[in-house]
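Thanks for making time this morning. I would like to walk you through one part of a model, and I will ask you to keep the display in view while I talk.

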Amino acid sequence: MADPPPPTLNSYIPEEIVLEILARLPVKSLLSFRRVCKSWNSIISSPYFIATHLKYGPRRGYYLLYQSMQVAQIHEPSCTVVCDRTYDRISEIELPFVHAGIVGSSNGLLCVEPPYGYLSLWNPSIARFKVLPAPCLAGGYISVAYGFTYVSEENDFKIVRISYSEFTTTLPRAQVFTLSSNSWRRIDDPIPLKPNALIYNIGCNHLPCPCIAGALHWIVRSKGSEDDGRDNKKILSFDLRDEKFGEIALPSSYMYHYDEWEYLGLFKGKLASFRFADHYRCGIWAMTDYGMAESWTLLRTVEFEPGVIDFLGCTDDGGAVVIARMCREFCTVSFIETEEASHRERILLDGLHHLVFAAPFVESLALLDGSESVRI
């Protein structure tokens, strides 16, 4: 008489319990478990499990840094995962691109804009890279602005692309890409922008485009006037549910000067504006009641050592603002704590490195089920 087959894991644990356990494991373990059997490979690669893991999986406080190192006039990019707040290095990531701009980061995916070609999505956790199709709108525009986020209600990643020409009378146009459809489509809702409007951007990297209350947000400045007053700057919003644009006023007590610049961010769950002056002073404003201009509140003004060059965003829990300050020998990163009047700095890079982009980062399985994804 033949021996009975050995018991399987499912013989002792119900399948739904197995799924709950798997959904709480780190990505590296799940990639290994795909080799256990065909059924586990199918489960872990399924869209349902990927979405479940995104909701229940480990969300360690990681930050992703994209930096360039100048050696003999050649800029070599690199990418590092560090621990949130302490910035202790966790790992180095091999880049699937060179000299690309970072559009945004959301739930483990990075949206990347190469100098030539189309946008791409990159998941460093699973080494998957997906080139997106061409936008549906024809060219002829001078500039573009992007917003990238994950819409949990639809279990989908979305990219909003606004095309505009700040030096012409051409009206701006918008389109949206959804990962589930792998396609772009035109947004017919008119954009409340003047033809010569300018959406803030610095260098090859797009500024943080915070998503709050189901909407993306950009700072817009209308050009054509010598007066740099409050009426020339506003927030453009895009509701991801009804796909309509709107406007939100900036804090009314702003004192505008030519040497000042501002960014938007998500700060403690609130839409926030960070205004810099004289390269060392930062005022933090929060909209305590979303959509109500009168609810803008000045939380704090912080002064740094001279040399602030870039705003990198907020940590994942919204507890600190991250600022880069470049010196000749090193680059520091500053944290502005919400409960404290002071801030602290951490020397991050030597003088050969320049910090280009930073964003909260979580491990995810996004793109694992995409047939067009390619392993790098």
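Strand 10 and strand 11, which covers residues 183–187, pair in the antiparallel sense over 5 bridges, and I should say at once that what we are looking at is a predicted model. These two strands form a hairpin with 4 residues between them, and in that turn N182 has a positive phi of about 55°. On its other pairing, strand 10 runs antiparallel to strand 9, residues 156–164, over 6 bridges. If you would like one residue to hold on to, take F177, which is the bridge partner of I159 and also stands opposite W184 in strand 11.

How many of the 6 residues of strand 10 are buried? The count is 5, and therefore strand 10, residues 173–178, is largely enclosed by the rest of the structure.

Let me stay with strand 11 for the charged residues. R185, which lies in strand 11, pairs with E243 in the loop between strand 15 and strand 16, and this is a salt bridge whose closest N and O atoms are 2.6 Å apart. The two residues are 58 apart in the chain, so to speak of the pair as linking distant parts of it is fair. E243 is buried, with a relative accessible area of 14%, whereas R185 counts as partly exposed at 36%. The pair also belongs to a network of salt bridges that links E154, K158, R185 and E243.

Next to that, please look at R186 and D188, whose side chains meet in a salt bridge at 3.2 Å, N to O. Here R186 is partly exposed at 47% relative accessible area, and D188 counts as exposed at 63%.

A search of the whole structure finds 7 salt bridges, and one more that I want to show is K234 with E247, at 2.1 Å from N to O. K234 lies in strand 15 and E247 in strand 16, so this pair ties together parts that are 13 residues apart in sequence. E247 counts as partly exposed, at 47% relative accessibility.

Finally, two backbone points. A127, in the loop between strand 6 and strand 7, has a phi near 55°, which is a positive value in a residue other than glycine. A213, in the loop between strand 13 and strand 14, likewise has a positive phi of about 55° although it is not a glycine. Both are partly exposed, A127 with a relative accessible area of 23% and A213 with 41%.

How values were computed. Residues numbered from 1 in each chain as written. Predicted model: local features only at pLDDT ≥ 70, side-chain atom pairs only at ≥ 80, totals over all residues. Heavy atoms only, no water. Buried < 20%, exposed > 50% of the residue type's maximum accessible area, 1.4 Å probe, protein only. Pairing = 2+ DSSP bridges. Salt bridge = Lys/Arg side-chain N within 4 Å of Asp/Glu carboxyl O.
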